[in-house]
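Please open the model in a viewer and keep the selection tool at hand. The stops below proceed from one selection to the next.

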Amino acid sequence: MKLLVVGGAGYIGSHTVRQLLRAGHQVVVFDNLSSGHAQALPPEVPLIQADLLDAPSVKAALEAHQPDAVIHFAALIEVGESMRAPARYYRNNVVGSLNLLQAIVETRKVPLVFSSTAAVYGTTDAVPIPEDAPLHPESVYGETKLMTERMIHAFHVAHGLPYTVLRYFNVCGAAPDGSIGEAHPSKTHLIELACLTALGQREKMMIFGDDYPTPDGTCIRDYVHVLDLADAHVLAVEALVRGQQDAATYNVGLGHGFSVLQVLDAVDAVTGRPLHREVAPRRPGDPPQLVADAHRIVDGLGFKPQFTDLREIVQTAWNWHRTHPHGYEQ
Ligand code: UDP
């Protein structure tokens, strides 16, 4: 099938493009390259460099390429920045998604797979978190994702638009050959930061709190490998186009978590360069545990993660960072 991948030049998008091609599909990418990288795409993949805020260009892309489905990754994703610049986040993430939805229903009404996030749940005591847990996003970023989920559902009710929403937990890792990986301008994610620290780009790793009610006192997160997440998109879009699903929301995670100390130990073991560690105060808004209840996607789509071993996950991230210490800008 032919897919339009919006935001396909970003971290998760580019890994998904790769898995879609491997599964035998055709791909066209639509991306404004605000944080994506053309180098992350195979040369045979057409890239439309345009913005979702430019509504006519979205419609033109759908009319020109006639895709069988759309996968939508394009969003600003930094929680802290979203609190300082809410207008930018609402405009980009919500208005951009609205333009895409409008263009889809005005052209081919093809199915949509949407990137959402566990941030829609906010702080919760549920461990693991099922999809029907209360939704209380605590950041503008999480709010924009929830608003978009609700818009998509309204388009489903009003126009019959088939959709699948995927709520990601902690996405990490890279293509095992080290050719593509995570390259955000601001580095906040634990595994990426630890790898860059092992490369000497930072002096030490801060552990944000070691007095949480968890076995070793540090926070537990569900770290899902980016290629497994990419495969979840392939499964979701295939099920939609075959007509097997028409309005589903799934968590994407392993269903179990690792603590900050377990992650840092794995990074030490993989790099052979023990990190200098320092315990710092808790980071505001960090719940002790965020772990997906992943049963629904296992049952509904046959999702079967390949990367369940933490060292193996970290090894793939290290393969990328070691060979691309400055991301795509060498
Ligand atoms: N963390 C940490 N030190 C860092 C970065 C992150 O201790 O330098 C912790 C953070 O407090 C959280 C976990 O690692 O408990 C994962 O954080 P990350 O920012 O990777 O993802 P989040 O769960 O916030 O989406």
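**Helix α6 and its surroundings**

Begin by selecting α6, a mostly covered helix in which seven of nine residues are buried. The model is a predicted one, and each stop of this tour should be read accordingly. The buried positions of α6 are Leu190, Ile191, Glu192, Ala194, Cys195, Thr197 and Ala198. Against what do the buried residues of α6 pack? Display β7 (170-172), β8, α8 (260-271) and α10 (310-323), which are their packing partners. Then step just past the end of α6 to Gly200, where phi is positive, at about 90°.

**The ligand shell**

Next, select the ligand together with the residues around it. The shell comprises 14 residues, and the closest are His189, Leu190, Phe208, Cys219 and Val260. Leu190 thus appears at a second stop, since α6 also counts it among its buried residues. Which elements each supply at least two residues of the shell? They are α6 (190-198) and β8 (205-208). Of the contributors, β8 gives the most, with four residues. Colouring the shell by class shows eight nonpolar, three polar and three charged residues.

**A three-stranded sheet**

Now select β12, β9 and β14. These three strands form an open sheet with mixed pairing, in the order β12-β9-β14. At its edges are β12 (258-259) and β14 (289-290), each of which pairs on one side only. Strand β9 (residues 220-221) runs parallel to β14, and two bridges join them. To find the register, select Ile220, which stands opposite Gln289 in β14.

**Backbone features in the loops**

Move to the loop between β5 (112-117) and α5 (140-159), where Pro128 is found. The peptide bond that joins Val127 to Pro128 is cis, with omega about -10°.

Two further selections concern positive phi values in residues other than glycine. In the loop between β2 (26-31) and β3 (47-49), select Leu33; its phi is near 60°. Is Leu33 buried, partly exposed or exposed? Leu33 counts as partly exposed because it has 13 C-beta neighbours inside 10 Å, whereas burial would require 20 or more and exposure 12 or fewer.

Then select Lys109, in the loop between α4 (86-106) and β5. The phi of Lys109 is near 45°. Lys109 is likewise partly exposed, because 13 other C-beta atoms lie within 10 Å.

**Helix α5 and a long span**

Continue to helix α5 and select Arg150. With 11 other C-beta atoms within 10 Å, Arg150 is exposed. Add Pro274 to the selection and draw a line between the two C-alpha atoms: Arg150 and Pro274 are 45 Å apart in space and 124 residues apart in sequence.

**The annotated domain**

Finally, select residues 4-253. An unreviewed UniProt entry lists this span as "domain: NAD-dependent epimerase/dehydratase". What are the helix and strand percentages of residues 4-253? The span is 38% helix and 18% strand, and its end C-alpha atoms lie 25 Å apart.

Conventions
Residues are numbered from 1 along each chain as its sequence is written. This is a predicted model: local features need pLDDT of at least 70, side-chain atom pairs count only at pLDDT 80 or more; totals for chains, interfaces and linings use all residues. UniProt positions are given in the numbering used here, feature names are shortened, and annotations may be inferred rather than shown by experiment. A residue is near a molecule or strand if its C-beta atom, placed from the backbone, lies within 6 Å of it. Ala, Val, Leu, Ile, Met, Phe, Trp, Tyr, Cys and Pro count as nonpolar, Asp, Glu, Lys and Arg as charged, and the others, Gly among them, as polar. Two strands pair if DSSP finds at least two bridges between them. Two residues are in contact if their C-beta atoms, placed from the backbone, lie within 7 Å.
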